[in-house]
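Open the model in your viewer and keep the selection box ready. This tour goes from stop to stop. Each stop says what to select and what is there.

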Amino acid sequence: MANRQAGCPLICGGLRDIHETRLTELERERLIVQTDTARAESQSALENAEQARSDAKASEGMLKLAVEFGNQAAWSNCRDTGEAWLMDAGYKMLGYSPEEFAADAKAWQDITHPDDLEEANKRLGAFFSGKSNTFDHILRLRHKDGSYHWYRIMSRQQDRSDQDLPPLVAGMIISFDDFKATEERLSEALSVAEQLRTEAQSSEKKLRIWLAAGEQLAWTLGEEEDDCFLAEGGYELLGYTRDELTPNREGWRSLTHPEDFERTISKMISLANGETDMVTDEHRLLHKDGTYHWYRIVAHFIDRSDEGLPPLRAG
């Protein structure tokens with residue numbers, strides 16, 4: 001210190017080796033950060049899992065509602081292993097318990113309506129042979145109470161080779177009674193509409209003839225004795241009631257004047273045999289009061305074979 005110049009400051013201190021301590025602190029800080037990160041990720045995973053569980057529960061509820069209100073159920077079947085499964089809704093629709101209905105191939109065959117079995121087996125053959133990728137068929141199945149109901153069966157094969165398992169056939173069974181009832185009502189409505197159309201066409205033909213005849217004593221004659229008609233004005237014109245006059249062949253013959261009978265009947269026979277489409281004739285008809293009056297007859301032949309009906313004469 002004797003060599004230290006006067007007035008020159010002096011800095012002094014110590015040096016300590018803290019290398020290991022610092023490394024320990026840094027490692028502790030890193031572990032704290034990792035722990036916080038892991039805790040945050042774990043919390044996020046738990047939240048996601050809870051949301052997924054909630055979503056799955058909601059989806060399950062919606063699926064159950066869809067099945068319940070849609071009268072449908074899922075099913076599966078494996079021919080190689082014999083495993084079979086049917087949703088509870090399916091048993092409920094059919095009326096069986098799982099112990100009463102195995103839901104395997106034989107069980108489905110046993111409850112299929114005999115009239116539908118052949119076509120169903122034909123389609124199944126095409127399905128299992130690979131000719132068709134799907135099976136989609138409407139048939140009748142027997143409920144536990146013995147009644148038959150319409151169902152639509154849809155299925156598709158699922159490849160499970162990646163799991164070292166044989167193929168699985170899975171699909172849906174859907175109640176089709178309501179659809180069939182609607183189809184039958186529609187068919188009946190179409191049948192009635194067709195009948196009305198046919199009757200309207202026939203009426204139109206007769207109306208044209210009656211108009212051409214001046215709308216006097218409108219009548220028709222069919223092949224059968226009771227297939228006859230006379231307009232109300234015709235009865236009034238002749239003086240008879242409906243109970244007193246049947247406007248069939250015998251009825252008209254009984255009113256025709258004897259001197260006109262042969263000629264008039266000959267013309268009507270020619271019309272009935274299809275030898276001519278129309279005849280006109282003037283002859284006398286007997287009124288109720290016993291007097292004969294002259295009438296002009298205009299008669300036409302109506303071919304109704306396209307309607308599946310016998311011919312008709314109208315005038």
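How many of the six residues of S1 are buried? Select residues 72-77, which make up strand S1. Five of the six are buried, so S1 is largely enclosed by the rest of the structure. Keep in mind throughout that this is a predicted model.

**Stop 1: the partners of S1**

Keep S1 on screen and add S5, residues 168-175. Six bridges join S1 to S5, and the two strands run antiparallel. Now add strand S2, residues 84-86. S2 also pairs with S1 in the antiparallel sense, here over three bridges.

Click on Asn77. Its bridge partner in S5 is Val169. In S2, Asn77 has Ala84 as its bridge partner.

Next, follow the chain from S1 into S2. The two strands form a hairpin, with six residues between them. Select Gly82 in that turn: its phi is positive, at about 85 degrees.

**Stop 2: the largest nonpolar core**

Select Leu86, Leu94, Phe101, Trp108, Leu141, Ile153 and Ile173. These have the most contacts inside the largest nonpolar core, a set of 23 residues. Which elements give two or more residues to this core? They are S1, H2, H3, helix H4 (114-128), strand S3 (134-142), S4 and S5.

Zoom in on Leu86. Leaving out residues up to four places away in sequence, Leu86 touches Ala73, Ala74 and Trp75. The list of its contacts also includes Tyr91, Leu94, Phe101 and Ala103. Trp108 and Ile173 are on that list too.

There is a second, separate core, with 16 residues. To find it, select Leu221, Tyr240, Val279 and Tyr295, which are among its members.

**Stop 3: the aromatic rings**

The structure holds six aromatic pairs. Start with Tyr91 and Phe101. Their rings meet edge-to-face, 6.4 Å centre to centre, with 80 degrees between the planes. Tyr91 lies in helix H2 (residues 88-94), and Phe101 in the loop between H2 and helix H3 (105-111). The pair therefore ties together parts that are 10 residues apart in sequence. Both Tyr91 and Phe101 are buried.

Widen the selection to Trp75, Tyr91, Tyr96, Phe101 and Trp108. Ring pairs link these five residues into a cluster.

Move to Phe127 and Phe135. This pair is tilted: 6.4 Å centre to centre, 55 degrees between the planes. Are these two rings on buried or exposed residues? Phe127 is buried, with a relative accessible area of 1%. Phe135 is buried as well, at 6%.

Now show Arg79 and Phe128. The charged end of Arg79 sits over the ring of Phe128, 3.7 Å from the ring centre.

**Stop 4: Ser132**

Select Ser132, in the loop between H4 and S3. Ser132 is partly exposed, at 25% relative accessibility. Beyond its neighbours within four places in sequence, Ser132 is in contact with Ala126 and Phe127. Then pick Arg156, 24 residues from Ser132 along the chain. The C-alpha atoms of Ser132 and Arg156 are separated by 9.5 Å.

**Stop 5: Gln158**

Go to Gln158, in strand S4 (residues 148-158). Gln158 is partly exposed, with 40% relative accessibility. What is Gln158 in contact with, leaving aside its neighbours within four places in sequence? Its contacts are Pro167, Leu168 and Ala170. Set a distance between the C-alpha atoms of Gln158 and Leu168: 5.1 Å, for residues 10 apart along the chain.

**Stop 6: Asp260**

Select helix H8, residues 258-272, and pick Asp260 within it. Asp260 is buried, with a relative accessible area of 3%. Show His283, Arg284 and Trp294 next. Asp260 touches these three, not counting residues up to four places away in sequence.

**Last stop: the whole chain**

Zoom out and colour by secondary structure. The protein comes to eight helices and 10 strands. Buried residues make up 28% of its 315 residues.

Switch on the surface. About 21,400 Å² is exposed, and carbon and sulfur atoms supply 53% of that. Finally, consider the contacts with a separation of 6 or more: residues 24 or more positions apart account for 44% of them.

Conventions
Residues are numbered from 1 along each chain as its sequence is written. This is a predicted model: local features need pLDDT of at least 70, side-chain atom pairs count only at pLDDT 80 or more; totals for chains, interfaces and linings use all residues. Side-chain values use heavy atoms; hydrogens and water are left out. Rings of Phe, Tyr and Trp (its six-membered ring) pair if their centres lie within 6.5 Å; planes under 30 degrees apart count as stacked, over 60 as edge-to-face and the rest as tilted. Helices (H or I, at least four residues) and strands (E, at least two) are DSSP runs, numbered from the N terminus. Buried means under 20% relative accessible area, exposed over 50%, partly exposed in between (1.4 Å probe, protein chains only). A charge sits over a ring if NZ of Lys or CZ of Arg is within 6 Å of the ring centre and within 35 degrees of the ring normal. Contact means heavy atoms within 4.5 Å. Accessible areas come from the Shrake-Rupley method with a 1.4 Å probe; for residues, only the protein chains shown count as cover. A nonpolar core is a set of buried Ala, Val, Leu, Ile, Met, Phe, Trp, Tyr and Cys residues joined through side-chain atoms within 4.5 Å. Two strands pair if DSSP finds at least two bridges between them.
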